[in-house]
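Hi everyone, thanks for coming. I'd like to walk you through one model today, so let's put it up on the screen.

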Amino acid sequence: MTELFTDTHTVSFRPTRKAGLEQLEHFAPRMGRHYAQNRNADLGPGERTNVSALSPWIRMRLVLEEEVARKALDGFSYASAEKFHQEICWRSYFKGWMEHRPSVWQAYLERRDEHLSALAGNAGLRNAYEEAVSGRTGVAGFDNWARELVETGYLHNHARMWFASIWIFTLKLPWELGADFFLKHLMDGDPASNTLSWRWVGGLHTRGKTYLARKDNIEKYTDGRFSPSGLAQDAPPLEGFENPSPRWPDLPAGKAEGRTGLLLTEEDMHLASLASGIEDLVAVAGCVFPDARSPSGAGEVAKRFAQGALDDVLRRAMERMALPARKLSADDFVQATVEWALEAKMDTVATGYAPVGWVRPKLNALKDALSEHDIQLVEIVRDWDRSFWPHATKGFFPLKKQIPEVYAELGMPV
Ligand SMILES: Cc1cc2nc3c(=O)[nH]c(=O)nc-3n(C[C@H](O)[C@H](O)[C@H](O)COP(=O)(O)OP(=O)(O)OC[C@H]3O[C@@H](n4cnc5c(N)ncnc54)[C@H](O)[C@@H]3O)c2cc1C
């Protein structure tokens with residue numbers, strides 16, 4: 001497992017596109033065999049050489065999945081970087097799966113709030129929860145990951161799986177509270193990837209199939225850093241909200257017409273490609289909603305990344321595109337956006353499509369408010385999403401099989 005570890009690398013998670021592209025360049029030579037063989041090892045925050053650590057930039061679309069996939073195709077045959085392509089497409093799978101079943105997100109929100117209220121009236125549950133989120137359970141590894149998450153805003157995939165499994169099956173805490181803790185603190189916190197991964201660990205996503213964290217597996221893949229005792233020995237599937245049948249979402253297809261303002265949110269900050277389809281772009285504005293992730297807001301690191309990403313993209317709009325760029329307040333988002341659009345006499349506000357999550361209802365409210373002034377809201381759906389999402393109705397396998405075909409459709413023959 002360790003044959004290819006030749007250096008150490010602490011990722012600087014600066015919230016800029018430039019930093020994301022630098023990290024992409026740094027990781028590019030490892031997207032092939034190195035990734036396939038070593039990706040499961042979590043050697044700690046100073047040793048992120050075996051995974052890309054690109055998720056915060058990808059989450060906000062400061063760097064696109066397509067850019068990352070093209071980079072892998074530049075350096076390797078599809079077959080030799082297949083594992084990496086598949087992992088990128090797990091994200092598209094989860095996003096598409098949730099688009100077909102928005103009620104799974106709604107059910108998560110409701111149960112989360114019920115469990116948070118229950119904490120107030122149940123001292124035993126509250127203590128167990130507090131110990132878990134502050135890393136005081138006494139379970140080796142788990143406590144370190146709880147602190148690492150809060151301090152750095154990132155966890156390795158395997159650590160996320162172990163953590164979620166121990167939370168559910170050893171500590172027997174409600175999965176929705178664990179998902180809330182992750183969403184609050186992860187820089188890449190994502191409604192679909194996070195909720196569905198927690199459901200997957202608990203046996204709710206692939207019905208009856210759970211993930212059990214094992215001491216020997218943790219010892220092996222943390223290179224002996226952690227050797228937890230007292231872990232649950234079995235993982236009976238949770239009871240919970242059943243997966244509804246998939247319903248294809250009506251994705252918007254409007255075109256920006258007339259004087260257009262580009263609105264950026266944490267759902268899509270890829271300035272150049274969003275702007276390229278707009279003929280008469282007159283201004284740019286942006287707003288992020290980190291505190292909408294959880295009733296208790298977002299963690300400091302996640303908040304800084306989201307705000308920093310927005311500052312970066314607005315600065316680039318001003319400096320490189322010579323456009324007026326404005327940061328809008330999340331507190332009066334709808335009103336401030338309408339005022340911005342009216343001031344610049346816009347016909348259209350264009351924005352990247354917001355999939356299921358906390359930005360979605362905000363765009364719905366904005367659409368209604370803009371229409372009162374005869375301004376249309378156009379949501380731009382990326383070809384990547386349009387092509388992948390129809391394959392995300394069941395398990396990951398059917399989508400995985402389609403990757404080469406979808407890449408070909410996107411002009412990326414393998
Ligand atoms: C309980 C749990 C919660 C999670 N919550 C999130 C979340 O909120 N946001 C999030 O982006 N990912 C989430 N993941 C998925 C995965 O852990 C992270 O995407 C990955 O660890 C990010 O690190 P990386 O960029 O180094 O990944 P790499 O291994 O380098 O993968 C490259 C990219 O592929 C995507 N990817 C890789 N693995 C997965 C996966 N299993 N599911 C979805 N996308 C994947 C990510 O965009 C990632 O940046 C969660 C996983 C678990 C088990």
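Let me start with a question: which side chain does the side chain of Ser 294 join in a polar contact? The partner is Asp 180, and the distance between the two side chains is 2.9 Å. Please keep in mind that we are looking at a predicted model.

So where are we here? Ser 294 sits in the loop between β2, residues 281–286, and α14. With a relative accessible area of 5%, Ser 294 is buried, the cut-off for that being under 20%. Leaving aside residues up to four places away in sequence, Ser 294 touches Arg 112, Asp 180 and Lys 184.

Asp 180 and Lys 184 bring us to helix α10, where both are among the buried residues. This helix runs over residues 175–185, and 11 of its 11 residues are buried, so α10 is largely enclosed by the rest of the structure. The buried set includes Trp 175, Phe 181 and Phe 182, but also Glu 176 and His 185. What do they pack against? The list is α6 (102–120), α7 (123–133), α8 (142–152), α9 (157–170), α11 (191–201) and α14 (300–321).

Now, on to the ligand. There are 27 residues around it, and the closest are Tyr 35, Ser 52, Ala 53, Tyr 154 and Asn 157. Let me go through some polar distances. A ligand oxygen lies 2.6 Å from a side-chain N or O atom of Tyr 35. For Ala 53, a polar backbone atom is 2.7 Å from an oxygen of the ligand. Asp 190 also offers a polar backbone atom, 3.0 Å from a ligand oxygen. And how much of the ligand does the protein bury? Taken alone, the ligand exposes 820 Å², and the protein buries 96% of that.

Last stop, helix α18. This one has 14 residues, 396–409, which at 1.5 Å a residue should span 20 Å; the end C-alpha atoms are 19 Å apart, so the two values agree. Even so, α18 bends by about 50° at Ile 403, with a proline, Pro 404, following within four residues. Ile 403 is itself buried, as are Phe 396, Leu 399, Val 406 and Tyr 407. As a reminder, an α-helix has 3.6 residues a turn, so residues three or four places apart point the same way. The buried residues of α18 pack against α4 (65–75), α5 (82–99) and α17 (383–388). After the helix comes Gly 411, with a positive phi near 80°.

That's my tour, and I'm happy to go back to any part of it.

How values were computed
Residues are numbered from 1 along each chain as its sequence is written. This is a predicted model: local features need pLDDT of at least 70, side-chain atom pairs count only at pLDDT 80 or more; totals for chains, interfaces and linings use all residues. Side-chain values use heavy atoms; hydrogens and water are left out. Helices (H or I, at least four residues) and strands (E, at least two) are DSSP runs, numbered from the N terminus. The expected span of a helix is 1.5 Å times one less than its number of residues. The bend at a residue is the angle between axes fitted to the seven residues ending there and the seven starting there. Buried means under 20% relative accessible area, exposed over 50%, partly exposed in between (1.4 Å probe, protein chains only). Contact means heavy atoms within 4.5 Å. A residue is near a molecule or strand if one of its heavy atoms lies within 4 Å of it. A polar contact is a pair of N or O atoms within 3.5 Å; within protein, one must be able to donate a hydrogen and the other to accept it, and residues adjacent in sequence count only if both atoms are side-chain atoms. Accessible areas come from the Shrake-Rupley method with a 1.4 Å probe; for residues, only the protein chains shown count as cover.
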